[in-house]
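Colleague: I should be grateful for a close look at one part of this model. Please begin with that part and then place it in the wider structure.

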Amino acid sequence: MSTYDEMPTTATSPAPAATLRGRLVHWGRIALVLAVVAAAFWTINAHWTEVRDTIGAMSWTTLLPAFVALPIAIACSTLSWQFLVDEIGEPIGAARGAQIFLVGQLGKYLPGSVWAYVLQMELGRRAGLARARIFTATVFSLAVAVVAALLTGALVIPSLIENDASLAPLQWLYLLLPVGLVCLHPRILDRLVGLGFALLRRPQRDHPVRGRAVALSLAAAVASYVFFGAHLWLLADGVGANGAGLLLTCVGTMAVAMISGLFFFVLPSGAGVRELVIVTALAPHVGTGTAIALAAVSRVLLTAADIVTAAGAAAVGVYERRRNGPIHHDPGIGDDEA
């Protein structure tokens, strides 16, 4: 009796420390989510004065379609990421993938957009996915996004530099294009994924990275820029902008603007850099003052779309978990570790 009865006490003695650590991590996650939501709302408030007059001059038939284009663009971005997540592990489903990606993306509103990726890894870990898997998929989805943006942004880079010489450094981004295209080759990508998993001591995948998944991810990324561009074009059209090729200009502009914000990661969600690109592209069509207002309206609508889609994804993810239970955990990730 003595040996057998004493074993549970010995085995469970570290529980208080583990429980304390778990509680600290749990409340830390909550605090991070609250911080990024507050930062997102602060972004809206900071731009509200300059946006009010422009919004007042627009009809709902302009603002509503321009806003609706954004959740579609965000959904395409989410799919681009999820194609890669599902390729390097057990598929997790669109609802739960969106919860991890979209709620995590709110972290970009904090200074240093790295918080978005930290939050995504923590949300993925909580869902039972290895941090190595989320990190790997996120890194390669960023590579896909850069390649897609450079391909799409080629539509407008020459005119941007012609209108504002300060944007000349953007052309050097194209040095990344051949590197990005090579890295997206399935064989190269598979070797990099395998190396990353080996370094982090995670079990390898049961199949190599396939070209189909990479192609789908790239197509979804390009589609996201098309809808982001359609959003900007609808706003410009609402204030009377016209001209041949304006839609293509807006598509290329949003691609360059968003990828430029990525490289200026110290700023919350690329604030300022994205607006500079948009103003430079639209000023010849609508005038500098109106272009500034449109850039601010676009920022507010995009922030609102980020919050709405993240909240919707979180709600659907909770429903999905309650209905179908936890997702299949990655090897080596237990319920107590998630």
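Which element gives the most to the nonpolar patch, and with how many residues?

Modeller: Helix H3 gives the most to the nonpolar patch, with four residues. Please bear in mind throughout that this is a predicted model.

The patch covers about 560 Å² of the surface and is made by Trp60, Leu64, Val68, Ile72, Val226 and Phe227. Two elements, H3 and H10, each give two or more residues to the patch. Val68 may serve as an example from H3, the helix in which this residue has its place. With a relative accessible area of 40%, Val68 is partly exposed, because this class lies between under 20% for buried and over 50% for exposed.

The patch is one aspect of H3; the aromatic pair is another. The structure holds one such pair. Trp81 and Phe101 form this pair, with 5.3 Å from centre to centre and 35° between the planes, and the arrangement is tilted. The term follows from the angle, because planes under 30 degrees apart would count as stacked and planes over 60 as edge-to-face. The pair links distant parts of the chain: Trp81 belongs to H3, which spans residues 60–87, while Phe101 belongs to helix H4, residues 94–105, and the two are 20 residues apart. Trp81 and Phe101 are both buried.

H3 also takes part in a salt bridge, one of two in the structure. Here the side chains of Glu87 and Arg210 meet, at 2.9 Å from N to O. Glu87 lies in H3, whereas Arg210 lies in the loop between helix H9 (186–199) and helix H10 (211–238); with their positions 123 residues apart in sequence, this pair too links distant parts of the chain. The partners are not equally accessible: Glu87 is buried, at a relative accessible area of 5%, and Arg210 is partly exposed, at 45%.

The other salt bridge joins the side chains of Glu275 and Arg299, at 2.6 Å from N to O. Glu275 is in helix H12 (residues 273–286) and Arg299 is in helix H13 (residues 288–324), so this bridge ties together parts that are 24 residues apart in sequence. In this bridge Glu275 counts as buried at 11% relative accessibility, and Arg299 is buried at 2%.

From these pairs one may turn to the interior. The largest nonpolar core has 71 residues, and those with the most contacts inside the core are Tyr225, Phe228, Leu235 and Leu282. At least two core residues come from each of H3, H4, helix H6 (131–153), helix H7 (157–163), H10, helix H11 (246–263), H12 and H13. H3 and H10 therefore recur here, since each supplies at least two residues of the core and each gives two or more to the surface patch, both being helices by the assignment used.

The surroundings of Leu235 show the core in detail. With its neighbours within four places in sequence left aside, Leu235 is in contact with Met58, Thr62, Leu63, Ala66, Leu294, Val297, Ser298 and Leu301.

Two further residues deserve mention. Asp306 is found in helix H13, and at 6% relative accessibility Asp306 counts as buried. Residues up to four places away in sequence not being counted, Asp306 touches Ile74, Leu106, Lys108 and Tyr109. Phe140 has its place in helix H6 and is buried, with a relative accessible area of 13%. Between Phe140 and Leu192 there are 9.7 Å in space, C-alpha to C-alpha, although the two are 52 residues apart in sequence.

Finally, the protein as a whole gives the setting for these details. The protein has 13 helices and zero strands, and every element in the run from the N terminus on is α. Of its 338 residues, 46% count as buried. Among contacts with a separation of 6 or more, residues 24 or more positions apart account for 75%. The protein exposes about 16700 Å², of which carbon and sulfur atoms supply 68%.

To return to your request, H3 gives four residues to the nonpolar patch, holds Trp81 of the aromatic pair, and holds Glu87 of the salt bridge with Arg210.

How values were computed:
Residues numbered from 1 in each chain as written. Predicted model: local features only at pLDDT ≥ 70, side-chain atom pairs only at ≥ 80, totals over all residues. Heavy atoms only, no water. Phe/Tyr/Trp six-rings, centres within 6.5 Å; stacked < 30°, edge-to-face > 60°. Buried < 20%, exposed > 50% of the residue type's maximum accessible area, 1.4 Å probe, protein only. Salt bridge = Lys/Arg side-chain N within 4 Å of Asp/Glu carboxyl O. Contact = heavy atoms within 4.5 Å. Areas by Shrake-Rupley, 256 points an atom, 1.4 Å probe, with all protein chains shown as cover. Core = buried A, V, L, I, M, F, W, Y, C linked by side-chain atoms within 4.5 Å. Patch = residues over 30% accessible without salt bridge, like charges linked within 9 Å, V, L, I, M, F, W, Y side chains within 5 Å.
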